[in-house]
Each structure stands twice: as C-alpha cells, then as structure tokens.
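Colleague: I am new to this structure. Please pick one part and take me through it closely.

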Amino acid sequence: MRIIAGEARRRSIMAPKGNDTRPTQDYVRESLFNILMHDVPDAVVLDLFAGSGALALESISRGAQEATMVDMAAEAIRCIQQNVESLHFSERATVLHCDWQAAIPRLARSGKRFSLVFLDPPYRMENVGEVCTALADADVLAPDALMVVEHRKHHAPTLDTRFLKQDARLYGDTQIQFYRYQGGAANHA
C-alpha cells in the first residue's frame with residue numbers, strides 16, 4: 001500500500017496482517033479522493049474503523065488539518081502508529097485504541113467537530129446507521145460534514161433524515177455511499 005498524492009506521495013504504508021482488516025485498494029482510494037478533492041483541504045477528519053489508517057493518512061497528505069484514527073484491533077493500532085511516524089504526521093494525527101462506542105464519548109470530550117468522516121466497518125457489521133446517529137447525537141460533526149460509508153454491495157446502511165445521500169459508487173463487491181450531514185437534532189426522525 002502507498003499514499004497516492006500530496007506531500008507523502010508514493011510513500012509506502014503498512015497494513016495489518018490477517019483477515020480482520022480489509023484495506024481499501026489503491027485504485028478505489030484514488031477514485032474516492034478524486035471525488036473528495038474539494039472536501040479534503042483543511043478538513044478535520046475522523047476515520048472510525050481505521051485499519052491501516054490509509055484514508056486518514058491520505059487526507060493529511062492532501063491537505064487535511066488533522067485526522068483522528070480509531071480502531072479496536074491491537075495490530076491495526078500498531079500499524080497506524082508506525083505509519084503516522086514514518087510519514088512524519090504525528091503533529092496532525094491522533095490515534096485511539098478502542099471500539100466506536102467507547103470512541104464517541106472521548107471524541108465529544110475533545111471538542112473536535114469533524115468535517116470529513118470515513119466509516120469502513122467490518123462487513124459483518126449490519127448497520128452503520130447507528131454509528132452515524134451516535135456521532136450526530138454526540139455533536140462531533142461539523143455542519144455539512146461529509147460521511148463516506150464503505151460497505152458490501154447491496155447492504156447499504158439506513159441513516160436517519162439528518163444525513164442526505166449525495167452519491168454512491170460501486171467498485172466490484174464494494175460500494176461507497178456519500179452522505180451530507182444536515183445538522184440539528186430537530187431533524188432527527
């Protein structure tokens with residue numbers, strides 16, 4: 001795996017060993033970041049099921065202000081930390097070793113409001129909608145935050161009305177959906 005563009009262009013990054021992590025392939029990441037080109041500069045990024053951290057690290061390389069990467073697997077955290085150090089992104093990266101349910105209250109206490117959120121959970125996770133709802137309810141999303149949700153084809157998440165679907169792309173058995181956060185608990189259905 002490698003960083004595709006920006007200040008760390010062509011630099012290699014590690015991915016966790018084993019079958020627990022399913023890194024986003026380089027060609028999918030390149031296509032994804034072509035779509036996101038206007039959302040990445042100066043973004044405050046959250047990668048909630050980070051794996052190798054590739055999506056957040058690519059964001060930093062392309063001009064994001066900072067990124068927070070969360071994963072519950074020790075091997076993933078080890079890889080993320082090594083990737084952050086080897087790319088010299090320590091000043092702009094935060095790494096949390098916990099599951100998403102423990103991460104959200106910690107993120108809320110940090111006071112950060114994320115403008116770009118990557119959700120690429122394990123495919124066995126049935127509905128990412130509850131994660132999006134928890135992020136919105138915890139007030140950690142910036143107004144108009146962009147949620148990038150990766151899932152298995154034909155298993156789209158169900159999100160509440162605070163999230164407006166803007167686009168969807170299919171890459172083999174992987175689908176990526178883009179939702180814009182509409183903000184405000186009054187819009188909750």
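**A close look at helix 2**

Modeller: Start with a pair. Helix 1 (residues 26-35) packs with helix 2 (residues 54-61) at an angle of about 50°, and their axes are 11 Å apart. That angle makes helix 1 oblique to helix 2. The range from 65 to 115 degrees would count as roughly perpendicular, and angles under 35 degrees as roughly parallel. The crossing of helix 1 past helix 2 is right-handed. Bear in mind that this is a predicted model.

Now look at who meets whom. Helix 1 brings Arg 29, Leu 32 and Phe 33. Helix 2 answers with Ala 54, Leu 55, Glu 58 and Ser 59. Sorted by class, this contact of helix 1 with helix 2 has 4 nonpolar, 1 polar and 2 charged residues.

Next, take helix 2 as a whole. Helix 2 is mostly covered, with 8 of its 8 residues buried. Go along the helix and you find Ala 54, Leu 55, Ala 56 and Leu 57 among the buried residues. Glu 58, Ser 59, Ile 60 and Ser 61 are buried too.

What do the buried residues of helix 2 pack against? Helix 1 is one of the partners, and helix 3 (74-87) is another. Strands take part as well: strand 1 (44-47), strand 2 (66-71), strand 3 (93-97) and strand 4 (114-119).

Zoom in on one residue, Ser 59. Ser 59 is found in helix 2. Its relative accessible area is 0%, so Ser 59 is buried. The cut-off for buried is under 20%. A polar atom of the Ser 59 side chain lies 2.9 Å from the backbone oxygen of Leu 55. Leu 55 is also one of the helix 2 residues that meet helix 1.

Ser 59 has other neighbours. Leaving aside residues up to four places away in sequence, Ser 59 touches Phe 33, Val 40, Val 45, Ala 64, Leu 116 and Phe 118. Place some of them on the map. Phe 33 belongs to helix 1. Val 45 falls within strand 1 (44-47), while Leu 116 and Phe 118 fall within strand 4 (114-119).

Finally, see what comes after the helix. Helix 2 is followed by Gly 63. The phi of Gly 63 is positive, near 110°.

To retrace the route: helix 1 and helix 2 pack at an angle of about 50°, the residues of helix 2 are buried, 8 of 8, and Ser 59 is one of them.

Methods. Residues are numbered from 1 along each chain as its sequence is written. This is a predicted model: local features need pLDDT of at least 70, side-chain atom pairs count only at pLDDT 80 or more; totals for chains, interfaces and linings use all residues. Side-chain values use heavy atoms; hydrogens and water are left out. Axes are lines fitted to C-alpha atoms, for helices over the stretch in contact, and angles run from 0 to 180 degrees between N-to-C directions. Helices (H or I, at least four residues) and strands (E, at least two) are DSSP runs, numbered from the N terminus. Angles under 35 degrees count as roughly parallel, over 145 as roughly antiparallel, 65 to 115 as roughly perpendicular and the rest as oblique. A crossing is left-handed if the near helix is turned anticlockwise from the far one by less than a right angle, and right-handed if clockwise. Contact means heavy atoms within 4.5 Å. Ala, Val, Leu, Ile, Met, Phe, Trp, Tyr, Cys and Pro count as nonpolar, Asp, Glu, Lys and Arg as charged, and the others, Gly among them, as polar. Buried means under 20% relative accessible area, exposed over 50%, partly exposed in between (1.4 Å probe, protein chains only). A polar contact is a pair of N or O atoms within 3.5 Å; within protein, one must be able to donate a hydrogen and the other to accept it, and residues adjacent in sequence count only if both atoms are side-chain atoms.
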